[in-house]
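Please look over the protein below and prepare a short briefing on its fold, its core and a few selected residues.

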Amino acid sequence: MWDLSILGIDFYHLINWFIIYSFFGWVWETCYVSVKSGKYVNRGFINGPFCTIYGCGAVSVYAILRPVSGNLLWLYVGGVVVATALEYVTAVLMESIFHTSWWDYSDNKFNFQGRICLGASLGWGFFTVLLFKVLHPIVEYIVALYPVFVGEIGVCVIGIGYVVDFSFSAAAAFRIHEKLPIIEAAMEQAKDEMLVKMHEKIAGVGFAKEATLESVKERLGDVEVLKEMEQKRAAAVAEISAELQKKKEAMAAKVGHNMQRFVKAYPNLNRGYKLHNLKNIRNRKEK
């Protein structure tokens with residue numbers, strides 16, 4: 001099994017590279033999202049420290065583009081094409097299997113179905129060059145540090161743990177399309193109530209209760225008052241978003257640990273899938 005060759009690379013090295021790249025991807029995603037959100041976020045489909053899509057993507061890109069690794073231009077272009085194709089196929093497969101979308105580029109310019117976008121694709125090209133020139137030599141060095149028998153045992157142990165972890169995570173993912181709409185409906189109701197309170201709070205900025213219409217018009221012409229209203233509006237919106245996310249995570253926790261983790265790690269969870277469904281419904285009605 002270990003000597004099985006795939007695109008000229010033996011299975012032993014492919015699976016070891018896959019594990020290391022999955023771990024590196026998890027570290028990158030978790031650090032980036034945690035810093036951005038200001039709190040620790042375990043980013044990934046499973047509980048363990050692995051992002052499978054990074055492992056699959058890195059190994060696939062390396063195996064496919066090895067023949068053009070000596071040409072930076074072809075390497076970059078190949079990275080854009082191959083990685084984008086992998087991202088699109090992964091998105092479609094996960095939506096088809098779990099009836100849920102895990103990322104959504106609908107707000108990005110030059111996106112296609114919200115599953116891929118030009119900005120991300122160009123970034124994949126740069127990542128591919130970095131992969132060949134910097135990351136892969138490091139990964140090869142790491143694999144060469146330990147004896148083959150240690151690598152084989154490690155792969156088996158990690159593989160068993162991964163399968164168990166994936167099974168529990170997948171079981172939770174299959175329930176998302178049933179449970180998440182209920183949670184989101186409750187969040188919409190809570191959001192409406194919070195927005196009413198926010199407007200009442202902002203409307204009173206700089207105005208006395210007994211203020212006349214003329215005095216209100218005069219105050220609205222004051223730049224400082226308008227600036228204060230905008231600052232309070234922005235602060236209120238941020239406060240509402242944070243409060244809604246806490247409520248959403250609390251409701252998801254009642255369903256299960258993995259559901260809570262998905263909601264926490266992927267704020268736009270299921271958004272793209274819903275947009276696709278709405279678009280399909282409109283198209284059917286037009287026909």
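Leaving aside its neighbours within four places in sequence, with which residues is E249 in contact? With contact taken as heavy atoms within 4.5 Å, E249 touches K39, Q260, V263 and K264 once those neighbours are left aside. This is a predicted model, in which local features need pLDDT of at least 70 and side-chain atom pairs count only at pLDDT 80 or more, while totals for chains, interfaces and linings use all residues. Residues are numbered from 1 along each chain as its sequence is written, and side-chain values use heavy atoms, with hydrogens and water left out.

**Confidence**
- The mean pLDDT (the predictor's confidence in each residue, from 0 to 100) is 84 for the protein, and 86% of its residues reach 70 or more.
- Among the elements of the protein, helix 4 has the highest mean pLDDT, at 95, whereas helix 7 (residues 213–220) has the lowest, at 49.
- Over residues 206–213 the pLDDT falls below 50, and this stretch has five contacts in the model beyond near neighbours in sequence.
- Where pLDDT is low, the predicted coordinates should not be read in detail.

**Overall fold**
- The protein has 10 helices and four strands, where helices (H or I, at least four residues) and strands (E, at least two) are DSSP runs numbered from the N terminus.
- Read along the sequence, these elements follow the pattern β-β-α-α-α-β-β-α-α-α-α-α-α-α.
- Among contacts between residues at least 6 apart in sequence, 72% join residues at least 24 apart.
- Helix 1 has 27 residues and reaches 38 Å from its first C-alpha to its last, close to the 39 Å expected, the expected span being 1.5 Å times one less than the number of residues.
- Helix 1 is followed by G38, whose phi is positive, near 75°.

**Burial and the nonpolar core**
- Of the 287 residues in the protein, 37% are buried, on a scale where buried means under 20% relative accessible area, exposed over 50% and partly exposed in between (1.4 Å probe, protein chains only).
- The largest nonpolar core, a set of buried Ala, Val, Leu, Ile, Met, Phe, Trp, Tyr and Cys residues joined through side-chain atoms within 4.5 Å, has 50 residues, and those with the most contacts inside it are W17, F45, W102, I176 and F262.
- Several elements give two or more residues to this core, including helix 2 (52–65), helix 3 (72–98) and helix 9 (257–265), while helix 1 supplies the largest share, nine residues.
- Not counting neighbours within four places in sequence, I176 is in contact with T100, W102, P181, M259, F262 and L269.

**Selected residues**
- H136 lies in helix 4 (residues 118–145) and is buried, with a relative accessible area of 2%.
- The side chain of H136 makes a polar contact with the side chain of Y21 at 2.8 Å; such a contact is a pair of N or O atoms within 3.5 Å, and within protein one must be able to donate a hydrogen and the other to accept it, while residues adjacent in sequence count only if both atoms are side-chain atoms.
- E249, in helix 8, counts as buried at 11% relative accessibility.
- F166, in helix 5, is partly exposed at 32% relative accessibility, and its C-alpha is 5.6 Å in space from that of I46, although the two are 120 residues apart in sequence.

**Cysteines**
- With a disulfide defined as a pair of cysteine sulfur atoms within 2.5 Å, the count comes to zero.
- C56 is partly exposed, with a relative accessible area of 38%, whereas C117 counts as buried at 5%.
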